[in-house]
Amino acid sequence: MQVVVDSLMTTYQRQGKGKVVLILHGWGDSSKSFHKMSQALSKNYDVICVDLPGFGGSQAPHQAWGLTDYAIFLQHFLAKINAPDVWAIIGHSNGGAIAIRGLGMQLLQSERLVLLASAGIRNVYKGRNKALRIVAKTGKAITMPLPQSVKKKLRRTLYTTVGSDMLVAEHLQETFKKVVTDDVRPDTQHIRIPVLLIYGEKDQATPLWYGQQYHELFEDATLEVLPGVEHFVHLERPAEVERAIKEFIHA
C-alpha cells in the first residue's frame, strides 16, 4: 500500500483486524524484516508496518530529519490512514528511539511499548562521533585524487572501521548525523505505559546495558535478555520474540 504523507510517498503494509499495532523498523532496514511477525500478530490485531521515509519503498525526506521529525511524520501518517488509536508500538533499534521520542512528546499515543534492541542512548558516543567527523575529513582528503568508484569503496571501509552505519543509507548521511547525536533518555520520564525490553546478549550495535539502563529509567518496564543473540533479535529468535510480544500486548 502507498499513501502520500507530508509530501512523501510512503509505503506500508496493513493486515488483520482488532486493536492497532504499529511496527517501526531500524536504520537501514525496512518493513520486510517484520513480515513474519506481522503475519503472526495479524491473527489478533490490526498490524501496520511502515517503511520510514528514506527506507524501503518510502521517499526520502527533502531535508535532514531528526527523531522528532520522524515522530511528527508518524503522527501524520496514522491520521492519514485513519488509525488514531494505537494499542501497541513495536520499535527495533532506531525505530525504538523514534517511538520513545514520539511517546515522550505526546506526538504518539499507545497503551503498550515494545523495544527490540532499541537505540536512543547517544551521548556515550561523543568520542566516537568526534572520530567519525575526523574519519570523514580524512577519508575525503586521502581519496581526493582517486576515481569516484575507488573513493566510495575506501570511504565505506573507513566508516566501517569505526562502526558507523552512516553508509548503510548514503542518501541520508545528514539525517544519520542528527539521529545519532539525539539522546532520548529524558523522554522516558514522560512515558507511563508498560514497556517490554528485549535485547540480545551479544548485541554490539545496541549493547545489553542499553536495555538495563532503559529498564531503570522507565516507570513500568520488563527486560528480557536473549542469550547468544545479536542485534536483529526478531530475526534470530523469531518464535521467542513473537511469544513474548503476544503475552505482553495481550488485551
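How many helices and strands does the secondary structure of the protein chain come to? The chain comes to nine helices and eight strands, where helices (H or I, at least four residues) and strands (E, at least two) are DSSP runs numbered from the N terminus. The model is predicted, so that local features need pLDDT of at least 70 and side-chain atom pairs count only at pLDDT 80 or more, while totals for chains, interfaces and linings use all residues. Residues are numbered from 1 along each chain as its sequence is written, and side-chain values use heavy atoms, with hydrogens and water left out.

The confidence of the predictor in each residue is given by pLDDT, on a scale from 0 to 100. For the protein chain the mean pLDDT is 87, and 80% of the residues reach 70 or more. Over residues 125–129, however, the pLDDT is below 50, and this stretch has seven contacts in the model beyond near neighbours in sequence, a contact being heavy atoms within 4.5 Å. Residues 131–144 likewise stay under 50 in pLDDT, and the model has 15 contacts for them beyond four places in sequence.

Of the 251 residues in the protein chain, 52% are buried; buried means under 20% relative accessible area, exposed over 50%, and partly exposed in between, with a 1.4 Å probe and protein chains only. The chain exposes about 11900 Å², of which carbon and sulfur atoms supply 51%, the areas coming from the Shrake-Rupley method with a 1.4 Å probe, and for residues only the protein chains shown count as cover. Among the contacts with a separation of 6 or more, 75% are between residues 24 or more positions apart.

The eight strands form an open sheet with mixed pairing, in the order β1-β2-β4-β3-β5-β6-β7-β8, two strands being paired if DSSP finds at least two bridges between them. Because β1 (2–5) and β8 (221–226) stand at the edges with a single partner strand each, one side of each is left without a neighbour in the sheet. From one strand to the next the twist averages 20°. Helix α2 (residues 67–80) packs on this sheet, where it touches β1, β2 (8–15), β3 (20–24), β4 (46–50) and β5 (86–92), and its direction makes about 125° with that of β1. Helix α9 (residues 238–249) also packs on the sheet, touching β3, β5, β6 (112–116), β7 and β8, with its direction at about 165° to that of β6. Axes are lines fitted to C-alpha atoms, for helices over the stretch in contact, and angles run from 0 to 180 degrees between N-to-C directions.

At one edge of the sheet, β1 and β2 pair in the antiparallel sense over four bridges, with V4 opposite M9 in β2. The two strands form a hairpin with two residues between them, and D6 in the turn has a positive phi of about 50°. S7 is placed in the loop between β1 and β2 and counts as exposed because its relative accessibility is 53%. Leaving aside residues up to four places away in sequence, S7 touches Q59 and H62; the C-alpha atoms of S7 and H62 are 9.2 Å apart, although 55 residues separate the two in sequence. On β1 itself, V3 and V5 make up a covered face, whereas Q2 and V4 make up an uncovered one.

Further into the strand order, β3 and β5 run parallel and are joined by five bridges, one pair being I23 and I90, which stand opposite each other. I23, in strand β3, has 0% relative accessibility and therefore counts as buried. Its contacts, not counting residues up to four places away, are with F34, M37, S38, L41, V47, I48, C49, V50 and I90. Strand β5 is mostly covered, with seven of its seven residues buried, and pairs with β6 in the parallel sense over five bridges, R112 in β6 being the bridge partner of A88. Strand β7 (residues 195–200) runs parallel to β8, to which six bridges join it, and T222 in β8 is the bridge partner of L196.

Beyond the sheet contacts, the axes of α2 and helix α3 (residues 94–104) come within 8 Å and cross at roughly 75°. The two helices are therefore roughly perpendicular to each other, since angles under 35 degrees count as roughly parallel, over 145 as roughly antiparallel, 65 to 115 as roughly perpendicular and the rest as oblique. Here L67, T68, Y70, A71 and L74 in α2 meet N94, A97, I98, R101 and G102 in α3.
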